[in-house]
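New to this one? Take a look at the structure below, and then we'll walk through it piece by piece.

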Amino acid sequence: MKTTRVVIIGGGPGGTACASTLQRLAGELDHAVHVTLLEGKQFSGEQHYNQCVGVLSPPLPALLEERLCVPFPYHLARNQIKGYVLHTLREEIALETDEGSASLSSRRVHFDAYMLEQVRARGVSVLPPHRLPYRAIRAERLQADFDCRAGIQTQGLDPPPRVVEAGCLQRAWSALAARVKTLKEAFGQLISSTVAEVASLWASLRRSSDSVPKMLCFLSEHHRISLLGNYLCLQAPP
Ligand SMILES: Cc1cc2nc3c(=O)[nH]c(=O)nc-3n(C[C@H](O)[C@H](O)[C@H](O)COP(=O)(O)OP(=O)(O)OC[C@H]3O[C@@H](n4cnc5c(N)ncnc54)[C@H](O)[C@@H]3O)c2cc1C
């Protein structure tokens, strides 16, 4: 049976709900699906968190249990909120809730960690940041760094890269150096035929295509590859 692979970026409530719904619907349709969820934050141990007051209001318990088949985490509730009071300059307005529809307060980071555990238990691969196979670098930073390496400009990056970004840029330059022949063929007459090594390739690319986004658009449109690897690229917008 053909397996569909899905990658979801972000393991907040939206990402985990999407992952768990996909798994459930695929199961109902007898369709094999492998869902990978990438979450950049480490919720367990409260190393990172998403900003939130942590109020869990109805109909969330019913939605979790009926739509996602996830037990509502009553054990994470710290307090019940039976109503709110609006304080204005002249008066106080009490907003009371119906019997049985109180909200619960929780620590959001515990809720996010719980939801990730639930999807993991349903067979979703949850990749933490240190397991991500790549790190994103900004196109303009990459371009400025490559300009320096190719001798197009002498001023270094501002602000200077920290150790992780510096490592990424070094690897990116090495990847470019290993692709001189491939990129020469892909860009064809757009770059000089005398290009033989990475610095002259980059200088020639900058003259012909100007910016990294333009290079990526050209490669995606005409060859469906990327600058630093033969990844299949998303179609560039028209
Ligand atoms: C100050 C504040 C208070 C709030 N209080 C409440 C409240 O009390 N009750 C309530 O119900 N709602 C509250 N909300 C709203 C609630 O936080 C949002 O509705 C909810 O978080 C939206 O969920 P989401 O999954 O769409 O996005 P998010 O919760 O923002 O999740 C997105 C996730 O994606 C991850 N991510 C993003 N980019 C990448 C990437 N490139 N790679 C890997 N991971 C990535 C992030 O780390 C994050 O974990 C509050 C919001 C704020 C800002």
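In strand 7, S103 is the bridge partner of I81. That's a handy place to start, but keep in mind that what you're looking at is a predicted model.

**The open sheet**

That bridge belongs to the pairing of strand 4 with strand 7 (residues 103-105), which is antiparallel and counts 3 bridges. Zoom out a little and you'll find 3 strands making an open sheet, in the order 3-7-4, with antiparallel pairing. Strand 3 (55-56) and strand 4 (79-81) sit at the edges with a single partner strand each, so one side of each has no neighbour in the sheet. If you're wondering what holds such an arrangement together, strands of a sheet pair through backbone hydrogen bonds, and they can do that either parallel or antiparallel.

**A hairpin**

Now move on to strand 5 and strand 6, which form a hairpin with 4 residues between them. Strand 5 is joined to strand 6 (residues 92-96) by 5 bridges, and the two run antiparallel. One of the pairs to look for is G83 with its bridge partner E96 in strand 6. Is strand 5 (residues 83-87) tucked away or in the open? Of its 5 residues, the number buried is 0, so strand 5 lies largely in the open.

**Around the ligand**

The ligand has 17 residues around it, and the closest are G10, G12, G14, G40 and V53. Which helix gives the most to this shell? That's helix 1 (residues 13-28), which supplies 3 residues. By type, the shell splits into 6 nonpolar, 9 polar and 2 charged residues.

**Two helices side by side**

Next up are helix 6 (residues 180-187) and helix 7 (residues 198-209). Their axes come within 10 Å and cross at roughly 25°. Since angles under 35 degrees count as roughly parallel, that makes helix 6 roughly parallel to helix 7. The crossing of helix 6 and helix 7 is left-handed.

**Backbone oddities**

Most residues other than glycine have a negative phi, and most peptide bonds are trans. Here are some spots that go the other way:

| Spot | Feature | Angle |
|---|---|---|
| P58 to P59 | cis peptide bond | omega near 10° |
| D158 to P159 | cis peptide bond | omega near -5° |
| D30 | positive phi | about 55° |
| C69 | positive phi | near 55° |

Where do these sit along the chain? P59 is in the loop between strand 3 and helix 2 (60-67), while P159 is in the loop between helix 4 (139-149) and helix 5 (163-177). D30 falls in the loop between helix 1 and strand 2 (32-38), and C69 in the loop between helix 2 and strand 4.

As for their surroundings, D30 has 7 other C-beta atoms within 10 Å, so D30 is exposed. C69 has 13 C-beta neighbours inside 10 Å, so C69 counts as partly exposed.

**One more loop residue**

Finally, have a look at G123, in the loop between helix 3 (108-121) and strand 8 (125-127). Is G123 buried or exposed? G123 counts as exposed because there are 12 C-beta neighbours inside 10 Å, and a residue with 12 or fewer falls in that class. Measuring C-alpha to C-alpha, G123 and P13 are 17 Å apart in space, with their positions 110 residues apart in sequence.

Definitions and conventions
Residues are numbered from 1 along each chain as its sequence is written. This is a predicted model: local features need pLDDT of at least 70, side-chain atom pairs count only at pLDDT 80 or more; totals for chains, interfaces and linings use all residues. A residue is near a molecule or strand if its C-beta atom, placed from the backbone, lies within 6 Å of it. Ala, Val, Leu, Ile, Met, Phe, Trp, Tyr, Cys and Pro count as nonpolar, Asp, Glu, Lys and Arg as charged, and the others, Gly among them, as polar. Two strands pair if DSSP finds at least two bridges between them. A residue is buried if 20 or more other C-beta atoms lie within 10 Å of its own, exposed if 12 or fewer, and partly exposed in between; C-beta atoms are placed from the backbone. Axes are lines fitted to C-alpha atoms, for helices over the stretch in contact, and angles run from 0 to 180 degrees between N-to-C directions. Angles under 35 degrees count as roughly parallel, over 145 as roughly antiparallel, 65 to 115 as roughly perpendicular and the rest as oblique. A crossing is left-handed if the near helix is turned anticlockwise from the far one by less than a right angle, and right-handed if clockwise.
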